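Subject: Structure handover

Hello,

Here is the structure I said I would pass on. My notes follow below it.

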Amino acid sequence: MLDALFFRRWLTATAAVVDREAERLTELDSPIGDADHGSNLQRGFRAVATVLEKEVPDTPGAVLTLAGRQLISTVGGASGPLYGTLLRRTGKDLGDAPEVGPARFAEALRSGVDAVAALGGAAPGDKTMLDALVPGVDALDGPSGSFGAAREAALHGALATTPLQARKGRASYLGERSIGHQDPGAASSALLFEALAETAESTETPESTETAESTDGSRG
Ligand code: ADP
Ligand code: MG
């Protein structure tokens with residue numbers, strides 16, 4: 001089960017990954033944008049990490065809605081309201097459950113991704129963050145879904161934006177000249193899934209290890 005601490009750790013890990021990759025995100029935003037995506041997200045996720053230390057919300061839903069509000073109020077670019085909506089809607093969908101299973105989380109994240117699509121009017125293939133978010137949530141959802149598969153799928157989706165022509169956001173003003181560059185928002189969405197997989201790997205509990213061992217034992 002995933003509790004409030006898991007989600008706080010996910011967002012703190014995202015802040016760390018974004019810090020690490022901020023320069024690359026801004027470089028991606030140079031040829032097809034205004035070279036601010038890395039600094040936008042760095043400011044936003046640092047503020048998220050700070051507010052989560054101060055307020056320490058005690059349900060997954062409250063962690064995500066607080067983080068979403070913080071992104072919306074600290075990030076000026078298009079990505080602030082979009083990522084803010086992603087987290088806020090996901091949090092709202094989880095309600096006030098004290099813990100959620102991975103399948104329930106995948107379902108809530110799906111509603112968050114749908115809200116991003118509704119807000120931005122974009123669909124997969126438009127060369128936006130949705131090109132990583134949609135495959136990521138697809139790979140998380142369903143009986144064989146996993147955090148590791150979601151990380152791979154989102155990364156693959158982000159890389160696959162390079163040959164696309166942008167149809168939404170600032171990059172779309174460039175028309176055909178947007179072809180040949182990876183979308184910065186898709187790259188940062190892949191980082192959200194990377195941080196999620198890292199968090200899941202580092203929170204494998206002694207309890208789940210015991211269960212795995214006893215299952216192995218009973219099989220032999
Ligand atoms: P801005 O474009 O205002 O400078 P950022 O540079 O922070 O904002 O974010 C740019 C990213 O936001 C793009 O690479 C793209 O992935 C995403 N984006 C922009 N517009 C949309 C939209 N309408 N729908 C989905 N994502 C979008
Ligand atoms: Mg920009």
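I start with E201, which is partly exposed at 47% relative accessibility. Please keep in mind throughout that this is a predicted model. The side chain of E201 forms a salt bridge with that of R151, with N and O 2.7 Å apart. Because E201 sits in helix α8 and R151 in helix α7, the pair ties together parts that are 50 residues apart in sequence.

Other salt bridges

The whole structure holds 11 salt bridges. R167 and D126 form one of them, the closest N and O atoms being 2.7 Å apart. R167 is in the loop between α7 (147-159) and α8 (184-202), and D126 is in the loop between α5 and α6 (130-140), so this pair ties together parts 41 residues apart in sequence. The two ends differ in exposure: R167 counts as exposed at 54% relative accessibility, whereas D126 counts as buried at 8%.

A pair within one helix is E107 and R104, whose side chains meet at 2.8 Å, N to O. These two residues are three apart in helix α5 (residues 102-120), so about one helical turn separates them. E107 is partly exposed, with a relative accessible area of 47%, and R104 is partly exposed as well, at 28%. There is also a network of salt bridges that links R20, E194 and E198.

Magnesium site

Which residues supply the protein donors of the magnesium ion (ligand 2)? They are D29, D34 and D36, each through OD, at 2.0 to 2.3 Å from the ion. Along the chain these donors follow the spacing D-x4-D-x1-D. D29 is buried, with a relative accessible area of 8%, while D36 is partly exposed at 22%.

Backbone

Most residues other than glycine have a negative phi. A35 has a positive one, near 55 degrees. A35 lies in the loop between α1 (4-32) and α2 (37-55) and is partly exposed at 34% relative accessibility. V56 also has a positive phi, near 40 degrees. Its place is the loop between α2 and α3 (60-74), and V56 is partly exposed at 42% relative accessibility.

Surface charge

R69, R88, R89 and K92 form a positive surface patch. Helix α4 (residues 79-94) gives the most to this patch, with three residues. K92 is found in helix α4 and is exposed, with a relative accessible area of 64%.

Regards

Terms used
Residues are numbered from 1 along each chain as its sequence is written. Chains are lettered from A and ligands numbered from 1 in the order in which they are written. This is a predicted model: local features need pLDDT of at least 70, side-chain atom pairs count only at pLDDT 80 or more; totals for chains, interfaces and linings use all residues. Side-chain values use heavy atoms; hydrogens and water are left out. Patches are made of residues with over 30% relative accessible area and no salt bridge: like charges are joined within 9 Å, nonpolar side chains (Val, Leu, Ile, Met, Phe, Trp, Tyr) within 5 Å. Accessible areas come from the Shrake-Rupley method with a 1.4 Å probe; for residues, only the protein chains shown count as cover. A salt bridge is a side-chain nitrogen of Lys or Arg within 4 Å of a carboxyl oxygen of Asp or Glu. Lys and Arg count as positive and Asp and Glu as negative; His and the chain ends are not counted. The place of a charge is taken as NZ of Lys, CZ of Arg, CG of Asp or CD of Glu. Helices (H or I, at least four residues) and strands (E, at least two) are DSSP runs, numbered from the N terminus. Buried means under 20% relative accessible area, exposed over 50%, partly exposed in between (1.4 Å probe, protein chains only). Donors are N, O and S atoms within 2.8 Å of the metal (3.2 Å for Na, K and Ca); water is not among the atoms, so sites may look incomplete.
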